[in-house]
Amino acid sequence: KKIEEEQEKLKKILIQKSKKYAEFEKNKILIAGTGDFLEEQVAKVFSELGIEVEKGEEGKVDLIIKYFDRVAVVEIKGKTSSAAQANARQLEQWITQYEPEKDSSPKGILIVSTFINKPLDERESDDFPHQMLEWSIAREHCLISGLQLLGLYLYCKENPDKKDEMIQKLFDTVGVFEDFQDWREFFREVLILLFMS
């Protein structure tokens, strides 16, 4: 009877771990995905964080997100290299198109899943190269990698009391989002969440 009770307890732990692992697998697309799959996962992540998400029209902006009174236009890219100024220019185009339609000026957020064909330990270049930063900063864009977005999402799920602060930080950031840049530290925490908790 004692062995059966222990077996039942281990089964419950296994189910819990399997669910966490399945959730992590699903979100891997944020660091290795492109196209519609990546856009859909970004939209799902924002929705789960309590951000209102509106899909853009075909051939236009990828997403429009709203959090209370704040609005952002979101451009999403999956690339085998770093982000490029052309990606930021496209984001700025969507911002200027949004303004006349809605009579307001939204935040611009560029999310790029970079170096998607490389293992994480071989991704040594900057996600957002120096030559594009000045241009994006002048336009108050927030630049965030898919890996950082995954970090933000998991952090908010584990720390719901910090969620509002982190989402406001996303809207307030000008230039590169500063959190979750060290993937080694980030994945150590993920492994702890998956296997130790």
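The sulfur of C156 lies 13 Å from the closest cysteine sulfur, in C142, which is too far for a bond. This is a predicted model, in which local features need pLDDT of at least 70 and side-chain atom pairs count only at pLDDT 80 or more, while totals for chains, interfaces and linings use all residues. Residues are numbered from 1 along each chain as its sequence is written, and side-chain values use heavy atoms, with hydrogens and water left out. Here is a short tour, starting with those cysteines.

**Cysteines**

- A disulfide here is a pair of cysteine sulfur atoms within 2.5 Å, and by this rule the count comes to zero disulfides.
- Seen from the other side, C142 has C156 as its closest cysteine partner, with 13 Å between the sulfurs, too far for a bond.
- C142 is buried, with a relative accessible area of 0%; buried means under 20% relative accessible area, exposed over 50% and partly exposed in between, using a 1.4 Å probe and protein chains only.
- C156 is buried as well, with a relative accessible area of 3%.

**Overall layout**

- The protein's secondary structure comes to eight helices and six strands; these are DSSP runs numbered from the N terminus, with helices being H or I of at least four residues and strands E of at least two.
- Along the sequence, the elements follow the pattern α-α-α-β-β-β-α-β-α-β-α-α-β-α.
- The C-alpha atoms fill a box of roughly 70 × 35 × 30 Å, taken along the principal axes.
- Of the 197 residues of the protein, 43% count as buried.
- Among contacts between residues at least 6 apart in sequence, 65% join residues at least 24 apart, where contact means heavy atoms within 4.5 Å.

**Helix α6 and its partner α7**

- Helix α6 has 13 residues and reaches 18 Å from its first C-alpha to its last, close to the 18 Å expected at 1.5 Å a residue; the expected span is 1.5 Å times one less than the number of residues.
- Most of α6 is covered, with 10 of its 13 residues buried.
- Those buried residues are G146, L147, Q148, L149, L150, G151, L152, Y153, L154 and C156.
- Two packed helices are described by the angle between their axes and the distance between the axes.
- The axes of α6 (residues 146-158) and α7 (residues 163-172) come within 9 Å and cross at roughly 155 degrees; axes are lines fitted to C-alpha atoms, for helices over the stretch in contact, and angles run from 0 to 180 degrees between N-to-C directions.
- The two helices, α6 and α7, are therefore roughly antiparallel to each other; angles under 35 degrees count as roughly parallel, over 145 as roughly antiparallel, 65 to 115 as roughly perpendicular and the rest as oblique.
- At this contact, L152, Y155 and C156 in α6 meet K163, M166 and L170 in α7.
- By class, the contact of α6 with α7 has five nonpolar, no polar and one charged residues; Ala, Val, Leu, Ile, Met, Phe, Trp, Tyr, Cys and Pro count as nonpolar, Asp, Glu, Lys and Arg as charged, and the others, Gly among them, as polar.

**Helices α1 and α3**

- The axes of α1 (residues 2-27) and α3 (residues 35-48) come within 10 Å and cross at roughly 130 degrees.
- That crossing makes α1 oblique to α3.
- E23, K26 and N27 in α1 meet Q41, K44, V45 and E48 in α3.
- The residues of the contact of α1 with α3 divide into one nonpolar, two polar and four charged.

**Helix α5 and the start of α4**

- In helix α5 (residues 130-138), the buried residues are M132, L133, W135 and S136.
- Q85 lies in helix α4 (residues 85-102) and counts as partly exposed, at 22% relative accessibility.
- Leaving aside residues up to four places away in sequence, Q85 touches Q131, M132 and W135.
- Q85 and L133 are 48 residues apart in sequence, yet their C-alpha atoms are 8.2 Å apart in space.

**Positive phi angles**

- Most residues other than glycine have a negative phi, and most peptide bonds are trans.
- F115 is not a glycine, but it has a positive phi of about 50 degrees.
- F115 is found in the loop between β4 (107-113) and α5, and counts as buried at 7% relative accessibility.
- F180, also not a glycine, has a positive phi of about 60 degrees.
- F180 sits in the loop between β6 (175-176) and α8 (183-195), and at 19% relative accessibility it counts as buried.
- E140, just after α5, takes a positive phi of about 60 degrees.
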